[in-house]
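Hi everyone, thanks for coming along. I have one structure to show you today, so let me put it up on the screen.

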Amino acid sequence: MVRIFCDRKEKDLKNFWNHIVFHPTDAIEEDWGQIYLNRMAEDNAVRTVRIYAMFEEMVTLDENGEMVFDFAPGDRRIDCLVSKGFSLCIAYAFIPPWLAADQSPERTKMRYKGRLLVRSHPYDYSKWEEICRVYTQHLVDRYGEDTVAGWRIHCYNEPDWYHFFDEPAENNLARAAEYCKLYDSFAAGVTSVSLRIPIGGPALAESDEHFEFFAHFLEHVSRTGSKLDYIAFHSYGTSPDLMRSGEKMLNIQGAVYNTLTVARLAKMYGFGHLPLVCDEWGASTEGYMGSDRCPPHEFRETEQYSAYFVRMLTLFDELELPYEQMMLCLSGQHGLEVNFGGHRNFFTRDYFAKPIYNAFVLANKLGDEKLYFYGEDPLTDAAVEDLAVMPTRHKDGRVSVLLCYADAAFTRELADKSFTFSFAGLESPMCLTQYVIDAEHANAYTMFKRLGRPAEITDEQAAAIRDFAALKAEPAGVLTPENAELELTMSNNAVVLLELEPRKA
């Protein structure tokens, strides 16, 4: 039995999990980007969206060698996000090609819409500082200092990975030394406009020398006094190579280790008080690598990913990891040739919602107070095995409980199991509603497989998939102070949200 105390607050609860990276940033103006954002706003699935400033398209030189800023494309994107109610995290990246110390073709990479990603550090850091200053001033002028001070801005993206920064560097410490110059100039530029805007770094990629780079950065900031309001880092559970080899499948403990090490290093260098922002996470790396090249990436289409997400957020909360935010990195809708291809996104090519998206919708329905609870297994008198519980209360008295039944290591196929939930402290009758995500509920992939995995989906098939993918609110009776128990059977990798609200007279 699991006992939930509806009248006993354990702590205030901050939603650190309903946040995403929208990738690529310049897809915001695309039709598919608008479909994504409209759906997320309508379903209240996401609170914060991380984007790139995209200085590579914003800042050019005129015939006199003076910098010219074109804010219009970025303004359109931010206007769109703000209009839909999203908060922002902006990565000040990437540098314009003309500012690169090494402008040889091999130091650049072609990306979405033919734009160039420069992998060199700037030849003049004063110009980088001026770019950061001018753009920050523009944001403050356009959106107001109060609004921008409610966002987060960080310097660059994954500078410990040659794919993004200083590819010719001898090693990661050399890359770290160059990044520290980049960060100092960034901090000087932003703070010359406002000291209220939260700034952070270094947003590392979790490379082989991830922690060495991080320690070098923290030591530098501690010594120089550059402003640092939060620590940004990235964390992934595994990779395609490790999954294909069977060496490391879905794994939450790796993210726990990474976070604890980051927190420990921060404390060692005097920054233990700063919030941690994992501004990019995923259960596996390589968002554009589908299940055709990495068959285990099929989990991105199934109920296993929704279970992974819920088990992760409940574990992080139980361990009291110092998270301020964690942002799921989404890969774009562009270039998808098939539906359900194992890519890292919320929707398929034809915009069928995946279980991971539905889990985000349910997780954002939790309240802002965590309630006390405990579990007892009548056979072992121990904590209920394989069940994650997040009981919460809203300010208006409603209770929302998020549940997940899954093997914590995602290695065992669990049999269906019945659980009894007892709700103590009810003062009046409460109507109970439940939402379910599992193989038979809110799961587009299940219906797609039942239809024979059609390469071209008919309108009739699409309607069937969308209906099967939809979250459905299922009335489940009334609980009273005298009769406050619920019997619930859950299947493997099931996610369930229970909502209790006062019965109307």
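I'll start with the overall strand arrangement, then the helices around it, and finish with a few individual residues. Before anything else, please keep in mind that this is a predicted model.

So, the barrel. Eight strands close into it, in the order S2-S3-S6-S9-S10-S11-S12-S13, and their pairing is parallel. On average, neighbouring strands of this sheet are turned by 25° against each other, direction ignored. If you'd like one pair to look at, take strand S2, residues 19–21, and strand S3, residues 48–52: three bridges hold this pairing, in the parallel sense. Within that pair, His19 stands opposite Thr48 in S3.

Now the helices. Helix H7, residues 210–224, lies across S10 and strand S11, and runs at about 155° to S10. Helix H9, residues 253–268, lies across S11, strand S12 and S13, and its angle to S11 is about 155°.

Next, strand S10, residues 199–204, which is worth a slower look. Which residues are joined by a cis peptide bond here? They are Gly201 and Pro202, with omega about 0°, and Pro202 is found in S10. Ala203 is in S10 as well, and has a positive phi of about 55° although it is not a glycine. Is Ala203 buried or exposed? Its relative accessibility is 0%, and because the cut-off for buried is under 20%, Ala203 counts as buried.

There is a cis peptide bond elsewhere too: Ala93 and Phe94 are joined by one, again with omega about 0°. Phe94 is found in the loop between strand S6 and strand S7.

Tyr351 also has a positive phi, near 65°, in a residue other than glycine. Tyr351 sits in the loop between S13 and helix H11. At 25% relative accessibility, Tyr351 counts as partly exposed.

Last stop, Cys329, which is found in strand S13, residues 323–329. Cys329 has a relative accessible area of 4%, so it is buried. What is Cys329 in contact with, leaving aside its neighbours within four places in sequence? The answer is Val21, Tyr236, Glu280, Trp281 and Arg344. Val21 belongs to the stretch 19–21 of strand S2, while Tyr236 falls in strand S11, residues 230–236. Glu280 and Trp281 fall in strand S12, residues 276–282.

That's my tour, and I'm happy to go back to any part of it.

Conventions:
Residues are numbered from 1 along each chain as its sequence is written. This is a predicted model: local features need pLDDT of at least 70, side-chain atom pairs count only at pLDDT 80 or more; totals for chains, interfaces and linings use all residues. Side-chain values use heavy atoms; hydrogens and water are left out. Helices (H or I, at least four residues) and strands (E, at least two) are DSSP runs, numbered from the N terminus. Buried means under 20% relative accessible area, exposed over 50%, partly exposed in between (1.4 Å probe, protein chains only). Contact means heavy atoms within 4.5 Å. Two strands pair if DSSP finds at least two bridges between them. Axes are lines fitted to C-alpha atoms, for helices over the stretch in contact, and angles run from 0 to 180 degrees between N-to-C directions.
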